Each structure stands twice: as C-alpha cells, then as structure tokens.
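Please walk through this structure with its empty spaces in mind, then turn to its surface.

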Amino acid sequence: MAGSYRMCVCFTRKFKVTEAGPPPDVKEAFFKYTDGGTHMSAEQLWRFLVEVQGDGGLSIADAEKIVEQVLQKMHHIAKFTRHTLTLDDFHRYLFSADLNPPIRDQVHQDMTKPLSHYFIYTGHNSYLTGNQLSSDCSDVPIMKALKRGVRVIELDIWPNSTKDNVDVLHGRTLTAPVELIRCLKCIKEYAFSSSPYPVVITLEDHLTPDLQVKVAQMITETFGDMLYCPECECLEELPSPEELKYRIIISTKPPKEYLKAESGKDKGNKSQREKDSDDDTWGKEPLDLVSDQEDGDVIDTDTSEDSDNESQQPGVSAYKRLIAIHAGKPRGGLKEALKVDPNKVRRLSLSEQALEKASENHGTDVIRFTQKNVLRVYPKGTRFNSSNYKPLIGWTHGAQMVAFNMQGYGRFLWLMNGMFRSNGGCGFVKKPDFLMKVGPHGEVFNPKSKLPVKKSLKVKVYMGDGWHLDFKSTHFDLYSPPDFYTRVGIAGVPGDVIMKKTKIKEDNWTPVWDEEFTFQLTVPELALLRIEVHEYDMSEKDDFAGQTCLPVSELIPGIHAVPLFDRKGEKLNSSRLLMRFEFVQD
C-alpha cells in the first residue's frame, strides 16, 4: 500500500502556466498602424485609439502619456531609453483593466434634471447583515453599501425595549437591533465616500409621536447643514442631483397617530417559499424565472393612506418638516395611487409582485406616474434568504428606486451592480429619453409594444488570464489545469434577452477562444451585457470563475480588458478577459 502511494506521488502531473500570445486581431492592428514595423510610436498609437477605440477626444500628448504608463507598468523602470511599444507591450496595454477598461469612470450625463428623471442605486433593509429573519442589524452593511455607491438607504425604526429610544431592526423577526444614532452617524461618515450626489434615507416609521420628536432631533443634530429641508411642505417638482450634491434627503410618510398593529408587508405561503429557495450557488438564471404572482393587496403597507387625524403633539411638526419626499397614497386602489397630482410630488412603494400586476394592467399609467413622482419597488416579504428579483421590470416602467438586498448575492444583484456602473458609478443613471417623452395627445412609451431592432452589438471574446493568480492551482481541478468557457448574453427587455457560450478550452489557465457573437437590440438603452466564466466539470456541477455585467450604452467600441468579479460582486485581482465591442446600426 505504501509503495503504491509513493508511485502516485511520483507521477503527480505538474502544470506550468504559459502566457498566451497576442490574438490575430491584435497583431493585425499593430502591424497595420506601425506599417509593418516592430515598434509603435505615440503618434501611431494615437491613430489606433482614435480610429479603432473611438477615443476621438485624445491628443498625441495623451498617447505619449499612455506609452509612458505602459512602459512603467510593464518594465518597472522610471526612465526609458525608448518611447515606443513593442507588439508585446501593445498587447499587454490592451489587456490591462487599469489602462484599457471597457467603460469610462467619469460622470458624463446631464445631472440638472429633477430626481424623478434618474434611476437611483437603492438598498432594501440596508442594516441587515444576512437573512431577513435572524441576522444581526448593524451599521457595517450601510457603510459597505455607501462605499459601493448606493444612494438610497432604508432604515426600519422602532421603539427600543424600554420605549425611550429608537432602534433599527426588521420588525417581528429575530433580528438583533442596532441603535438608530449609530446608523445615522455611519451615513454621515460614508455618504459621499464614492459619490458627491445626494443620499436618500427612506424611513419605515413604527414610532410613537414622542419618539418621532426624538428622531427629528437626532437627524437635525447629526446632519446639520447637510440635511435638505424644502421650504414648502409639498414640492411641486423634485430638485436635481446637481443641486443636491453632498445633501441628505429624508423620505417617509408624514407623521400620524401611532398604529400599534400593522400587517406585515407581504403574506407569503409555503409554495412561494419553496419557489424562492436558491439552490443554485450563483442564483437562478434570470431568463429561466417565471413571474411570481400572488393575490392580495397591491400596495405596500408602508404607503398606507396619510391620516387627516395627525397627532398634534408638540414637536411632531419638526419631524414633518424634515421630510423632503413624502410617501403615501390617495384613497382607493392602484389606479388612484398612480394618478399624477400637478401640485405635488410623492413616493409610492410597490412590492415586486404588485409591480408585475401593475405592469400587466396599468403599464402606461406607471410610466406616466414615474415621469414626475418616485416609485420604489421592494422585494416580496417571503425572500427570507435576502434573495432578489428581476430589476428590469422596474426600470422598463421608469421606477427610480428598485430596492435590492445588497447583502445578498446572485445574478439579479449582478445586474443591479452592472446598471450602476453607468455614469461613472455615481449612483444616479439618467433614464432613457423614451421613458420621459409625452406625445402630442399625452401618449407615453408602452412597454408591451413590439419594437424593431435598433442596433446590433458584436462581441468578440479573445482570451482570458489571471485565474492562476486569484485561485489555488487545485481550486478547479485536482489533477489538471481548468477547462474554461465563457457565457455572454444580454439582460434587458424580454425581446432582447439571450445567452450564448464559447467552446470549452481544455487544460489551460490562459484560454484563447477567439469567438464572436452578435446580439440584436430593440432597447439598447436598457440592455446589460452579461459575462460569466465557468470551468467545465464532467462529473459535477461546473465551477464559477468570475462574472461582470456592463451597461451596453456605456461600452467603449474597440478592444478592451474586462475585469471579472466574484459572485458577491467583489473585484478579482487579476482575472480578466480580452474582448472587442462593435456597434452596427440596423
């Protein structure tokens, strides 16, 4: 037995990672722009960047800086005897996610329109560290969300056990509370760590009038001049993100008599809980999911009717004055709730399945409502494991606040993170013009209408690298190098949704695929390019090797390095793909 074990050790296979050379397209570009030479000058690089990469705003001086950066990064020397790139330098430049990313990182959209004109990066139950029933409440997830660029933080506020202070917790569950003041201080510290644009705090208020007074004092003392308090009680139009830079905005229902008993947000049943179970480690495949529909109230209890019988307790008016975006709905059903009041703006909240019903029967009313008012969509109450839902239904109907469990993971959260890589990752993405347009007879975009193909996106997957630096040599396979393949596709309106995949490249840490895919897009403005890398496993489930989602409208044409992220959305240090993007008008 011992002898056979030694034999086994003797014949263990060792695998060296060999660097793949430049793909044919990269070689062709290099020789074309160097006129067949062996070195590329800054001027030749500049011509390539303008003509192939679409960087029309670059000067030759900018190209010289890039050459300098490439030589510094690749050869680790401060002074150069040459100021040109070899083919290898050129390839490594194109394959550098830092020097040649697929999207730009600057804010470039018009930020002077009212807030209702933007999709806003929105968290749900932002204080929870894990599941919805028993995880701890903390300020840490709030900090993480703000650092990632989230702009809407939700806090459920309740009286503490002695009824003399305010806690944040998920009511009627086993979640351990955190003090409100701690969450407010955390928001103040990290609100603008990743973006200068405003942070909205949505409060789910379960407080007595005396504690509402206490909250008003806490908020005022914590935020001071950062707090945006409108001069009039009800705004006719929301201010713009530009006007509200570095400001904190409060959104909740105006105070009313304390209601001791509130029904839960959603009444779930066993079948739904089963439907929500997340067996797939990566989360369900978005295009495989059917609509989750259920009977019951369409409108969230958090937007229950504003009572005319408001508490007159002294000081409550101070709490009311802090509320910049009023939540609430008029008397009646959904049709009434979606009516637009020309004299005031408000926020309405719908559960994910309520939105699906609304989109079936009142799709154009929802879009008309969101042109002026704010619509918040939240996960149904049976998502106990902090899973998420299809964000595209909300975005297609103009919903600004599609609220997600940021502490969760899975493909839907990847889509959310992808959408908000737009516009420099500032947390505000301007809605496409077609969602804001009103025709001569009051007509608005109809999401159900069949649309023609507007443009095609050609995506070429050249190669991948970096996994040997991010993963142990035995992570994917104990006895041989990994067998990688890439899945590429579109998330967007139903007619645009599709996934395709490359061939499997066996036994290679640096796979070369060199495969091209074409995607026809009817609504490119809302399309996201989905990219996933997996490792084929014959006997078990395929291993996950990285993912990203990129807004199609932000893609820079040409050849670019695409960095990959783990399934929780954290960037992998080295793993990346070399890809080419090309748009063709139809």
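Which helices each supply at least two residues of the lining of the largest cavity? Keep in mind that this is a predicted model. The two are α12 (352-370) and α13 (391-396). Of these, α12 gives the most to the lining, with three residues.

Now look inside that cavity. Rolling a probe the size of a water molecule over the atoms shows where empty space is left. A search of the whole structure finds three cavities of 30 Å³ or more. The largest cavity holds about 50 Å³ of space. Its lining consists of Glu352, Leu355, Glu356, Val377, Tyr389, Lys390, Ile393 and Gly394. Sorted by class, that lining has four nonpolar residues, one polar residue and three charged residues.

Next comes the open space. The largest pocket contains about 1,100 Å³. It is lined by 37 residues, and the closest to its centre are Ala97, Pro101, Ile103, Arg104 and Asp105. Four elements give two or more residues to this lining: α4 (60-75), α6 (140-148), β17 (543-551) and β18 (558-565). To find them, start at the helices α4 and α6, then move along the chain to the strands β17 and β18. The lining of the largest pocket is mixed in class. Its residues divide into 16 nonpolar, eleven polar and ten charged.

Turn now to the surface. Ile504, Tyr536 and Met538 form a nonpolar patch there. Together they have about 320 Å² of accessible area. Locate Ile504 in the loop between β14 (498-501) and β15 (512-521). Is Ile504 buried, partly exposed or exposed? Its relative accessibility is 36%, so Ile504 counts as partly exposed. The limits for that class are 20% and 50%.

One more loop deserves a stop. Ser473 sits between α16 (467-470) and β13 (484-491). Ser473 is exposed because its relative accessible area is 57%, and the cut-off for exposed is over 50%. Where does Ser473 lie relative to Trp509? In sequence, Ser473 and Trp509 are 36 residues apart. In space, their C-alpha atoms are 9.4 Å apart.

To retrace the route, begin at the largest cavity, with α12 and α13 in its lining. Go on to the largest pocket, with Ala97 and Pro101 among the residues closest to its centre. Then pass to the nonpolar patch of Ile504, Tyr536 and Met538. Finish at Ser473, in the loop between α16 and β13.

Definitions and conventions. Residues are numbered from 1 along each chain as its sequence is written. This is a predicted model: local features need pLDDT of at least 70, side-chain atom pairs count only at pLDDT 80 or more; totals for chains, interfaces and linings use all residues. Side-chain values use heavy atoms; hydrogens and water are left out. Patches are made of residues with over 30% relative accessible area and no salt bridge: like charges are joined within 9 Å, nonpolar side chains (Val, Leu, Ile, Met, Phe, Trp, Tyr) within 5 Å. Accessible areas come from the Shrake-Rupley method with a 1.4 Å probe; for residues, only the protein chains shown count as cover. A salt bridge is a side-chain nitrogen of Lys or Arg within 4 Å of a carboxyl oxygen of Asp or Glu. Buried means under 20% relative accessible area, exposed over 50%, partly exposed in between (1.4 Å probe, protein chains only). On a 1 Å grid over the protein atoms alone, a cavity is a set of points where a 1.4 Å probe fits but cannot get out, and a pocket is an open set with protein on both sides within 12 Å along at least five of seven lines; lining residues have an atom within 4 Å of a point. Grid points are joined across faces, edges and corners, and a volume is the space filled by probe spheres set on the points. Ala, Val, Leu, Ile, Met, Phe, Trp, Tyr, Cys and Pro count as nonpolar, Asp, Glu, Lys and Arg as charged, and the others, Gly among them, as polar.
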